[in-house]
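Open the model in your viewer and keep the selection panel handy. We will walk through it one stop at a time, and at each stop you will get something to select and a note on what is there.

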Amino acid sequence: MGAQTIRFLIQVGFALAGMLAVVLVPPPFGPTFGFFLLVFGLWLGRRVFKRLATLQEIKDDLRQRVDEGP
């Protein structure tokens with residue numbers, strides 16, 4: 001399993017946990033906690049990717065981002 005796959009799974013897991021928190025935790029804490037989980041998952045996924053990725057995986061990731069555009 002590559003670093004990009006691990007990053008994706010971390011980000012998806014935290015995004016799903018964030019949506020679950022928005023639904024199950026009463027306002028105003030639910031949306032706040034859900035947003036925190038989403039941002040933390042994006043940050044953690046990026047940190048794990050930078051730690052595990054080889055130079056070739058980083059180059060491939062950057063190429064993919066440039067090809068897809070904004």
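## Stop 1: A phenylalanine to start from

Select Phe33, which sits in helix H2. A word before we go on: this is a predicted model. Is Phe33 buried, partly exposed or exposed? With 41% relative accessibility, Phe33 counts as partly exposed.

Now widen the selection to Leu20, Val22, Val23, Leu24, Val25, Phe29, Phe33, Phe36, Phe40 and Trp43. Together these residues make a nonpolar patch on the surface, with about 1000 Å² of accessible area. Colour the patch by helix: H1 (3-24) and H2 (29-52) each supply at least two of its residues. H2 gives the most, with 5 residues.

## Stop 2: Helix H1 and its two sides

Select residues 3-24 to light up helix H1. H1 has 22 residues and runs 31 Å from its first C-alpha to its last, close to the 32 Å expected at 1.5 Å a residue.

Which residues of H1 are buried? They are Ala3, Arg7, Ile10, Gly18 and Ala21. These residues cover an arc of only 70° around the axis, which puts them on the same side of H1. Turn the helix to its other side and you will find Phe8, Met19, Leu20, Val23 and Leu24 exposed.

To see what covers the buried residues of H1, switch on H2 and helix H3 (55-68), which are among the elements covering them.

While you are on H1, click Leu9, another residue of this helix. Leu9 has a relative accessible area of 47%, so it is partly exposed. Draw a distance from its C-alpha to that of Leu44: the two are 35 residues apart in sequence and 11 Å apart in space.

## Stop 3: The start of the chain and the loop

Step back to Gly2, in the segment before H1. Gly2 is partly exposed, at 25% relative accessibility. Its C-alpha atom is 13 Å from that of Gly45, although 43 residues along the chain lie between the two positions.

Next, select Pro27 and Pro28 and look at the peptide bond between them. That bond is cis, with omega near -5°. Pro28 belongs to the loop between H1 and H2. For background, most peptide bonds are trans.

## Stop 4: Helix H2

Select residues 29-52 for helix H2. Its 24 residues should span 34 Å at 1.5 Å a residue, and its end C-alpha atoms are 34 Å apart, which agrees.

Now highlight the buried residues of H2: Gly30, Gly34, Leu37, Gly41, Gly45 and Phe49. What lies over them includes H1 and H3.

## Stop 5: Helix H3 and its salt bridges

Select residues 55-68 to show helix H3. This helix has 14 residues and reaches 20 Å from its first C-alpha to its last, close to the 20 Å expected.

Show the side chain of Asp61, which lies in H3. Is Asp61 buried or exposed? At 6% relative accessibility, Asp61 counts as buried. Leaving out residues up to four places away in sequence, Asp61 touches Gln4, Arg7 and Phe49.

Side chains of opposite charge can pair when their charged atoms come close. Asp61 and Arg7 form such a salt bridge, at 3.0 Å from N to O. The pair links distant parts of the chain, with Asp61 in helix H3 and Arg7 in helix H1, 54 residues apart. Both Asp61 and Arg7 are buried.

Add Arg65 to the view: it also forms a salt bridge with Asp61, and their closest N and O atoms are 3.0 Å apart. Arg65 and Asp61 are 4 residues apart in helix H3, so about one helical turn separates them. Arg7, Asp61 and Arg65 are thus linked in a network of salt bridges.

One more pair is worth a click: Asp60 and Arg63, whose side chains meet in a salt bridge at 3.3 Å, N to O. Asp60 is partly exposed at 37% relative accessibility, and Arg63 is partly exposed with a relative accessible area of 46%. The count comes to 3 salt bridges.

## Last stop: Just past H3

Finish by selecting Gly69, just after H3, where phi is positive at about 75°. As a point of comparison, most residues other than glycine have a negative phi.

Methods. Residues are numbered from 1 along each chain as its sequence is written. This is a predicted model: local features need pLDDT of at least 70, side-chain atom pairs count only at pLDDT 80 or more; totals for chains, interfaces and linings use all residues. Side-chain values use heavy atoms; hydrogens and water are left out. Patches are made of residues with over 30% relative accessible area and no salt bridge: like charges are joined within 9 Å, nonpolar side chains (Val, Leu, Ile, Met, Phe, Trp, Tyr) within 5 Å. Accessible areas come from the Shrake-Rupley method with a 1.4 Å probe; for residues, only the protein chains shown count as cover. A salt bridge is a side-chain nitrogen of Lys or Arg within 4 Å of a carboxyl oxygen of Asp or Glu. Buried means under 20% relative accessible area, exposed over 50%, partly exposed in between (1.4 Å probe, protein chains only). The expected span of a helix is 1.5 Å times one less than its number of residues. The arc is that of the directions from the helix axis to the C-beta atoms. Contact means heavy atoms within 4.5 Å.
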